[in-house]
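Biologist: Please take a close look at the interior of this protein and its pockets. I would like one connected account.

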Amino acid sequence: MTDPVKIDTLVEARWIIPVEPAGKVLENHALAIDQGVIKAIVPSDEAQARFDPRERIVLDHHALIPGLINLHTHAAMTLMRGLADDLPLMEWLNNHIWPAETTHVDAGFVFDGTRLACAEMLRAGVTCFNDMYFFPEAAVQAVLASGMRAAVGMIAIDFPTAYASDADDYLAKGLALRDDYNPHPLLSFCFAPHAPFTVSDRVFAKILTYAEQLDLPIHIHLHETVDEVTSSLKTHGMRPIERMHKLGLLGPNLIAVHMIHVTADEIELMAQLGCTVAHCPSSNLKLASGFAPAATMLGAGMNVGLGTDGAASNNTLRMFEEMRLAALLAKGQSGRADALPAWQALQMATLNGAKALGLDSVIGSLLPGKAADITAVDFSSLELAPCYDPISHLVYAAGREHVSHVWVNGKMLLNRSELTTLDERELLRRAGFWREQMATTRLGQ
């Protein structure tokens, strides 16, 4: 008889939902984890005979899923949660958010805000996020303090801020940061030009050259509002997507955020060229930007992931809510109850996000050989009883309050709903400090 294999952790669960293949549910199975990697997924009885774990965790009422991937956010903007609400996008930006950023945003703000976001996301089952914000070096330090995984945006914008003097300075600083942390097991990088209306053709050309040389994604807001499209027609004589196409940016490395006001021809073009969309239903609704045709995009074969946007426009980082809204809105828009089923919403929040970031060989599904980025959802509460279909429950009934455990690279970052790497009291203290800073400035106005 062969001796049991020594491993770091064995997690036994009522259900394991690997996401690959789509819709599959494994009952009474276990995940064997060693050195941060999933070694096997086997029935629990077999696992107990095959493995000798240093730690055995039994989750009799839980579903294990891949860690959720937030494909678009501005993490540090947790510190602007509720600062300006119930306003259209350009008024919100011009009169509230950009002035607040000019006054307050520095490396300390970004570090504290990103740590707060990491804590919120971990408690909501998110293990990886795609960020776009100033002072990304401070965001990196916050991510490393939390133990999460992140795709760090190398932001570019044509106007000066406290972070950089011009677009070239933004890019130089971003590339230097990437050089300092490449490779890193928890960090990847994206170019993050803010939007077509804040970045020039010259800068886009430069970003495209770098992106092709380094094989990195380009993460950009695109076709978010009617005003954006109208302004582009006046300024450039073409819609933003046409402009991006002429500049050569449409392709497999493009992560287009929002994509609300799009035509059938634009969807077909972007699908043919392999572009990804980061669908942010809550933010789109709150800013009254419109309804992205996610079901149509998926039907065209486009890769569509889910994002929360920043907490200043959402006002939460709850990916469970984004899954539910994405599915419900698709049904309401299409008039088809079978549009964007639960399994597909879960795939959007996991594997599709990983594909967009070029990380699908590492994360996004629970398979042997992939990183142990795992979220456990507790189904024992009365609002989740009875359970006929755990995938349905994850999308339509469960929420962040049901997340009990989270692992990233095999390290437990949430244990029985308690953070293991971040000090909740310290995060609340720093949030209070920034609230006072913001309030003083607003009263002074």
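Modeller: What follows goes through the pockets, then the cores, then one helix. The model is predicted.

The largest pocket has a volume of about 350 Å³. Its lining is made of 23 residues, and L187, S188, F189, L357 and L359 lie nearest the centre. Four elements each supply at least two residues of this lining: the strands β7 (149–156) and β8 (187–193), and the helices α5 (167–181) and α14 (351–356). Of these, β8 gives the most, with three residues. By class, the lining of the largest pocket holds 14 nonpolar, five polar and four charged residues.

The second largest pocket has a volume of about 290 Å³. It is lined by 15 residues, and A119, E120, R123, L419 and E424 are the closest to its centre. Two or more residues of this lining come from each of α3 (107–123) and α16 (424–444), and α3 gives the most, with four. The lining of the second largest pocket consists of eight nonpolar residues, one polar residue and six charged residues.

Helix α3 also takes part in the protein's interior. The largest nonpolar core has 121 residues, and M80, W92, F109 and M270 have the most contacts inside it. The element that gives the most to this core is α3, with eight residues. Leaving aside residues up to four places away in sequence, F109 touches A76, L79, M80, H104, Y133, W434 and M438. A second core, separate from the largest one, has 17 residues, with A13, I16, I41 and W407 among them. In soluble globular proteins, nonpolar side chains tend to be buried together.

Helix α7 shows how burial is arranged around a single helix. In α7 (residues 226–236), the buried residues are E228, V229 and S232. They lie on the same side of α7 because they cover an arc of only 95 degrees around the axis. An α-helix has 3.6 residues a turn, so residues three or four places apart point the same way. The buried residues of α7 pack against strand β9 (218–222) and helix α8 (240–247). On the face of α7 turned away from the buried side are D227 and K234, which are exposed. Just after α7 comes G237, with a positive phi of about 75 degrees.

Key: Residues are numbered from 1 along each chain as its sequence is written. This is a predicted model: local features need pLDDT of at least 70, side-chain atom pairs count only at pLDDT 80 or more; totals for chains, interfaces and linings use all residues. Side-chain values use heavy atoms; hydrogens and water are left out. On a 1 Å grid over the protein atoms alone, a cavity is a set of points where a 1.4 Å probe fits but cannot get out, and a pocket is an open set with protein on both sides within 12 Å along at least five of seven lines; lining residues have an atom within 4 Å of a point. Grid points are joined across faces, edges and corners, and a volume is the space filled by probe spheres set on the points. Ala, Val, Leu, Ile, Met, Phe, Trp, Tyr, Cys and Pro count as nonpolar, Asp, Glu, Lys and Arg as charged, and the others, Gly among them, as polar. A nonpolar core is a set of buried Ala, Val, Leu, Ile, Met, Phe, Trp, Tyr and Cys residues joined through side-chain atoms within 4.5 Å. Buried means under 20% relative accessible area, exposed over 50%, partly exposed in between (1.4 Å probe, protein chains only). Contact means heavy atoms within 4.5 Å. The arc is that of the directions from the helix axis to the C-beta atoms.
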